[in-house]
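Please open the model in your viewer and keep the selection panel at hand. The tour goes from one selection to the next and says what is there.

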Amino acid sequence: MEYVSPEGLRLDGRRPMEMRQIRAEIGAVAKADGSAVFEMGNTKVIAAVYGPREVQNRSQQLSDQALVRCEYSMANFSTGDRMRRPKGDRRSTEISLVIRQTMEACILTHLMPRSQIDIFLQVLQADGGTRSACINAATLALADAGIPMRDLVTSCSAGYLNSTPLLDLNYVEDSAGGPDVTVGILPKLDKVTLLQMDAKLPMDIFENVMQLAMEGCKAVANYIREVLLENTKTLEYRRGV
Amino acid sequence: MHQGSVTCVSWIRRLKNAHLLVVGGEEELVTPGEVLGKASDVKPGRGAYVSPHDNTVYASLTGRRSIVPPSPDSSDQRPTVEVTGHKAHGAVPEPGSVVIARVTKVMARMASADIMCVGPKSVREKFTGIIRQQDVRATEIDKVDMHSSFHPGDIVKALVLSLGDARAYYLSTAKNELGVVSAESSSRCNNGPNQLDRDAVSS
């Protein structure tokens, strides 16, 4: 199957180095301490952050830092076929663990000992790149909750089909069976916090694909920063500052 | 001539920016990860942290950057840079703060209370505190009868002695202005909270 046409267009009309349209909204869940909705093309994810609050399970309390918990689940209606067990299956557990480790690396947990930060991620519409959309949504929700972080964590995926590195794969391109590299970075500090890949790639091509994903992450970071600044200005205006 | 005027303008702009940075340029909104200065020039305050690898101060919250000048008598003359976010976190009891709590359980040697306000601010999630027999009043502390001092449901003004153990803060009502401020009478008539026969009533 042809994923990149001879003119250089992908199945949805994008160029190989073009990301899907991103859209973010802060404060969707009023009861949560921080929340955000993040869309990357057709993939739509909602994140809610509760914390820092008292640890519910005393045995897991850490005396010198905050406990970060993360739960990823897909809504029944998020994919084409209605799912029966969207939570607790192996893929969800693995993604929850991966996102928890990514966010924990960037939260300044030593400032909040003996407390707990909960990140809940729900995929409302899945069209490839749910992991990346979840990390971006979690970053926005944590920033909205006022939890101190080293930097924003942004994530983007890239693949390699028809001998072309492609940025931000959608579901059809993802199910093609080619390599899929997901990168999560701290953009201003230029550090990598997440790097995952399925399938195999020769080393030189891998470097190109990873570089492309990192460029995508930086573009997402610029957008997220704009959204945060816009949100802060709106809040200040409402408060009459 | 043109070259000279360009450098003159840029020099003035740099001077103005430096002035803003040092004296208190509060006009900037920052997001987490943005550089606020070098660790040799500024100290990190709330909402900022210093990265040991490159000795740079970065922001950790989204909000307004503000610069607090150093106090004249401190040895470290670097100004402190802070970032004030818009989310107000709930109040947390600190040792020495006056809290308002509701008594939940009264036992032979101590009373348990739920802390609801710290100073003038109410808390987001309630904290547990205990008032021990020796902390109820300042005089004759071994003759205190807990059941005549407190009753479940009483509102108490107390001072936080310490963070206590894992389960509760330690509170004290051993001062004139502390103690039970409101209670329901045991006869339950509708005269309001005036029929107090508690020993620990505040004056």
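In what order do the five strands of chain A form their open sheet? Bearing in mind that this is a predicted model, select the strands of chain A and follow the order E1-E2-E3-E5-E4, in which the pairing is mixed. At the edges you will find strand E1 (22-26) and strand E4 (67-74) of chain A, each of which pairs on one side only, and from one strand to the next the twist averages 15°.

Next, select residues 34-40 and 43-54 of chain A, which are strands E2 and E3, paired in the antiparallel sense over seven bridges. Within this pair, A:Glu39 has A:Lys44 in E3(A) as its bridge partner.

Add helix H2 (residues 130-144) of chain A, which packs on the sheet and touches E1, E2, E3, E4 and strand E5 (115-125) of chain A; the direction of H2 makes about 150° with that of E2(A). Then add helix H4 (residues 203-239) of chain A, which lies across E1 and E2 of chain A and runs at about 30° to E1(A).

Now show chain B as well, where 23 residues are in contact with 30 residues of chain A. The two chains bury about 2,000 Å² between them, with 54% of it on carbon and sulfur atoms. Two salt bridges are found across this interface, and for a closer look select B:Arg64 and A:Glu236, whose side chains meet in a salt bridge (2.9 Å, N to O). On the side of chain A that touches chain B, the elements giving two or more residues are E3, H2 and H4 of chain A, and H4(A) gives the most, with nine residues. By class, that side has twelve nonpolar, five polar and 13 charged residues.

Conventions:
Residues are numbered from 1 along each chain as its sequence is written. Chains are lettered from A and ligands numbered from 1 in the order in which they are written. This is a predicted model: local features need pLDDT of at least 70, side-chain atom pairs count only at pLDDT 80 or more; totals for chains, interfaces and linings use all residues. Side-chain values use heavy atoms; hydrogens and water are left out. Two strands pair if DSSP finds at least two bridges between them. Helices (H or I, at least four residues) and strands (E, at least two) are DSSP runs, numbered from the N terminus. Axes are lines fitted to C-alpha atoms, for helices over the stretch in contact, and angles run from 0 to 180 degrees between N-to-C directions. Contact means heavy atoms within 4.5 Å. Buried area is the accessible area (1.4 Å probe) that two parts lose on being put together, summed over both. A salt bridge is a side-chain nitrogen of Lys or Arg within 4 Å of a carboxyl oxygen of Asp or Glu. Ala, Val, Leu, Ile, Met, Phe, Trp, Tyr, Cys and Pro count as nonpolar, Asp, Glu, Lys and Arg as charged, and the others, Gly among them, as polar.
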